[in-house]
Amino acid sequence: MTLDPGYLRYPRRRYGMDHDLYRWSMLRQRPAVTWPGGAKVALLIVPVLEWFPLDMANKPFAPPGAMSTAYPDLRHYTLRDYGNRVGIFRILDELARRGLKATAAINAAVALRYPALIGAIGRAGCEVMAHGRDMAHLHYGGMDREAERDLIETTLDQLERATGQRPRGWMSPAKSQSWATPDLLQAAGVTYCCDWDNDDLPYRMTTGTGDLVALPLSPDSEDQAIVIRDHHSEDAFAQELCDQFDLLNAEAVRTGSARLMSITLHPWVTGQPYRIGALAAALDHILASPDVWSASGTEIVEAWQTQVPPG
Amino acid sequence: MRDPGYYDYLPYDGTRPVITWPGGARVAFWIAPNIEFYEIAPPVNPQRRAWPRPDPDVLNYAYRDYGNRVGFERMFEAMQRYGIRGSTSLNVAMCDHCPEIIEQCAAAGWEFYSHGTYNTRFTLGMDPDQERALIRDSIETIRDRTGQKLDGWLAPALSYTENTLDLVAEMGLSYVCDLFHDDQPTPLRVRSGKLVSIPYSLEMNDVIAYNVNLLTPRRYGEVLRRQFDRLYREGERSGTVMCIPLHPYLVGRPHRIAAFEEALAHIAGHDGVWFATGREIAAHFTANHYDAFVQASHPVGEAS
């Protein structure tokens with residue numbers, strides 16, 4: 001057997017990244033960042049409101065949480081719906097009790113389908129982040145650029161009309177992008193995107209014209225990944241959240257540079273009656289520290305942008 | 001072939017030749033951080049996809065990129081606090097992409113051995129000359145960028161051909177980390193040169209622990225301590241080897257590093273541990289025990 005000779009050629013073997021979407025840098029080498037009031041850790045809580053159409057095609061791949069049995073997959077469809085009907089209200093309640101801000105990542109379809117839910121999100125004071133059209137409309141390499149442009153603009157318009165807020169943040173369904181997504185998001189007026197989970201602080205994408213900030217959401221503090229995919233108990237998940245906060249807080253004190261901690265919550269996961277208490281316990285542990293800044297995505301990005309100008 | 005034929009049978013039943021480590025240590029303990037670069041759009045290997053999603057697989061690429069941007073520093077600092085050198089299992093293209101990390105490892109006296117050029121270039125389907133070119137790239141890059149002679153091999157993304165071990169031996173390497181059949185080193189039968197297998201361990205590997213066995217961080221710490229305790233006890237009679245293979249994008253996450261560091265504290269709190277690198281373990285075994293292990297081994301019979 002032999003491979004095509006091109007398999008042993010490396011045209012992108014060079015200093016830094018093997019693409020031009022952002023620049024290579026190590027967290028330890030960057031100038032120190034501070035948060036308002038001298039806080040050490042910015043706490044970004046992201047409830048995710050999703051709609052999985054019963055007939056979704058799962059192309060070019062099945063997103064996490066997709067329909068998976070033979071059609072009609074009523075069990076998964078309705079369990080995801082549980083989050084929008086029931087679970088989200090338990091989460092909002094626990095956040096409100098503690099005066100915590102949230103930035104809800106919302107499929108445009110959810111906003112169109114459940115105006116009453118959007119009303120509750122608004123009354124809770126949540127920032128609205130765009131989360132694509134629905135879980136069946138993935139952004140992916142190879143998709144038509146104009147089709148993607150239309151998908152992004154329609155999503156932002158629909159969310160703006162339904163919520164009264166033009167979303168400044170974006171998280172793609174399944175955090176999947178095409179090569180053009182960052183440019184198209186920036187051109188559509190999006191300020192920050194949450195698809196690249198590779199850092200503990202924001203950083204800049206190198207989009208064509210303006211400023212697009214990557215706001216990384218940690219895959220370690222995402223309930224669906226840890227509790228459903230990895231089968232950790234709710235107590236183990238809470239312990240991991242506490243350990244994560246303690247480490248980031250100690251590191252911020254030691255290095256003099258603040259950190260970002262995100263918690264991504266799927267209401268159909270964490271909003272279950274037996275799980276919600278573990279989230280509450282973890283939040284209480286985190287809030288026992290005086291060094292936490294509960295902030296929205298936009299607040300964190302703006303605080304960061306003023307300290308780290310472009311260029 | 002039905003059996004790779006690299007080694008004979010040698011039962012762990014108390015009759016093996018006794019291994020003595022320097023200073024009378026019971027356990028040769030080593031840490032093998034995999035310092036890796038995954039390409040966002042590698043050429044396609046007919047036998048294995050690099051990414052589950054279409055390029056760019058943002059989710060999976062960024063997940064690993066975290067290791068170089070953030071996780072490496074945490075892992076490095078934890079090891080430094082206990083004075084433990086690493087033996088980096090290096091995708092050698094990292095010398096070009098992220099030289100800051102290579103310089104940091106070199107300054108701390110770490111060993112560099114090879115884990116191929118990129119973790120997204122598999123040896124699957126390479127002819128011998130192509131695989132020689134891959135190995136030569138590693139020998140020359142590590143020599144030119146770190147001044148070290150390349151002694152060890154862990155195939156990129158654990159991808160092999162039937163020739164892999166023969167070729168690394170032929171090109172002057174002395175050890176491989178690809179075989180998981182033992183808790184002590186093993187002489188390997190290769191066409192030329194002299195090659196030993198050094199225990200590396202799948203189950204201590206944070207990829208297996210976290211992404212296959214789905215352990216919690218604290219459970220991983222417990223696994224490491226129990227593994228050490230048993231190998232330390234058995235090492236009183238004859239030296240054992242314990243390796244912790246790591247990936248900065250996994251062990252270096254904020255909710256995981258403390259549990260790892262507690263395990264290091266436990267291990268470092270024992271006398272009779274030889275904190276070695278892969279090259280040092282291979283050299284000591286080859287110089288002192290290789291021949292006795294060859295002589296004590298039993299030929300493997302033919303299954304019908």
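Which residue of chain A forms a salt bridge with B:Arg253? In this predicted model, the partner of B:Arg253 is A:Asp220, and the closest N and O atoms of the two are 3.8 Å apart. The legends below start from this pair.

**Figure 1. The salt bridge between A:Asp220 and B:Arg253 joins two chains.** A:Asp220 is placed in the loop between strand 7 (212-214) and helix 6 of chain A, while B:Arg253 is placed in the loop between helix 8 (248-251) and helix 9 (257-268) of chain B, so the pair links one chain to the other. A:Asp220 has a relative accessible area of 4% and is therefore buried, the cut-off being under 20%. B:Arg253 is likewise classed as buried, because its relative accessibility is 0%.

**Figure 2. The interface of chain A and chain B.** The contact set comprises 61 residues of chain A and 60 residues of chain B. The size of an interface is often expressed as the accessible area that is lost when the parts come together. Here the two chains bury about 5,000 Å² between them, and 56% of this area lies on carbon and sulfur atoms. Side chains of opposite charge can pair when their charged atoms come close. The rule finds 9 salt bridges across the interface of chain A and chain B, and a search of the whole structure gives 41 over all chains.

**Figure 3. The largest pocket and its lining.** The volume of the largest pocket is about 720 Å³. Its lining consists of 32 residues, of which A:Pro64, A:Glu222, A:Ala225, A:Arg229 and B:Leu59 are the closest to the pocket centre. The elements that contribute two or more residues to this lining are helix 6 (223-229) of chain A, together with helix 1 (58-81) and helix 6 (206-212) of chain B. By class, 14 of the lining residues are nonpolar, 9 are polar and 9 are charged.

**Figure 4. A salt bridge between A:Glu251 and A:Arg259.** The closest N and O atoms of A:Glu251 and A:Arg259 are 2.8 Å apart. A:Glu251 is buried, with a relative accessible area of 7%. A:Arg259 is also buried, at 5%.

**Figure 5. A salt bridge within helix 7 of chain B, and a network in chain A.** The side chains of B:Glu222 and B:Arg226 form a salt bridge with an N to O distance of 3.4 Å. Both residues belong to helix 7 (residues 217-234) of chain B, where they are 4 residues apart, about one turn of the helix. B:Glu222 is partly exposed, with a relative accessible area of 27%. B:Arg226, at 53% relative accessibility, is classed as exposed because the limit for that class is over 50%. In chain A, salt bridges that share partners join A:Asp93, A:Glu94, A:Arg97, A:Arg98 and A:Asp284 into one network.

**Figure 6. Two cis peptide bonds of chain A.** The bond between A:Lys59 and A:Pro60 is cis, with omega at about 0°. A second view shows the cis bond between A:Tyr71 and A:Pro72, for which omega is about -5°. A:Pro60 is located in the loop between strand 1 (41-49) and helix 1 (74-97) of chain A, and A:Pro72 is placed in the loop between strand 1 and helix 1 of chain A.

**Figure 7. Positive phi at A:Lys175 and A:His231.** A:Lys175 is not a glycine, yet its phi is positive, at about 50°. The residue lies in the loop between strand 4 (169-170) and helix 5 (181-187) of chain A. A:Lys175 is buried, with a relative accessible area of 9%. A:His231, also not a glycine, has a positive phi of about 60°. Its location is the loop between helix 6 and helix 7 (234-255) of chain A. A:His231 is exposed, with a relative accessible area of 62%.

**Figure 8. A:Gln158 and B:Val294 in their helices.** A:Gln158 is part of helix 4 (residues 145-163) of chain A. With a relative accessibility of 17%, A:Gln158 is classed as buried. Leaving aside residues up to four places away in sequence, A:Gln158 touches A:Ala108 and A:Leu112. B:Val294 belongs to helix 11 (residues 290-296) of chain B. The relative accessible area of B:Val294 is 42%, and the residue is partly exposed. B:Val294 is separated from B:Asn213 by 81 residues in sequence and by 35 Å in space, C-alpha to C-alpha.

Conventions:
Residues numbered from 1 in each chain as written. Chains lettered and ligands numbered in written order. Predicted model: local features only at pLDDT ≥ 70, side-chain atom pairs only at ≥ 80, totals over all residues. Heavy atoms only, no water. 1 Å grid on protein atoms, 1.4 Å probe; cavity = no way out; pocket = protein on both sides within 12 Å on 5 of 7 lines; lining within 4 Å. Points joined across faces, edges and corners; volume = space filled by probe spheres on them. Nonpolar A, V, L, I, M, F, W, Y, C, P; charged D, E, K, R; others polar. Buried < 20%, exposed > 50% of the residue type's maximum accessible area, 1.4 Å probe, protein only. Contact = heavy atoms within 4.5 Å. Buried area = accessible area lost by both parts, 1.4 Å probe. Salt bridge = Lys/Arg side-chain N within 4 Å of Asp/Glu carboxyl O.
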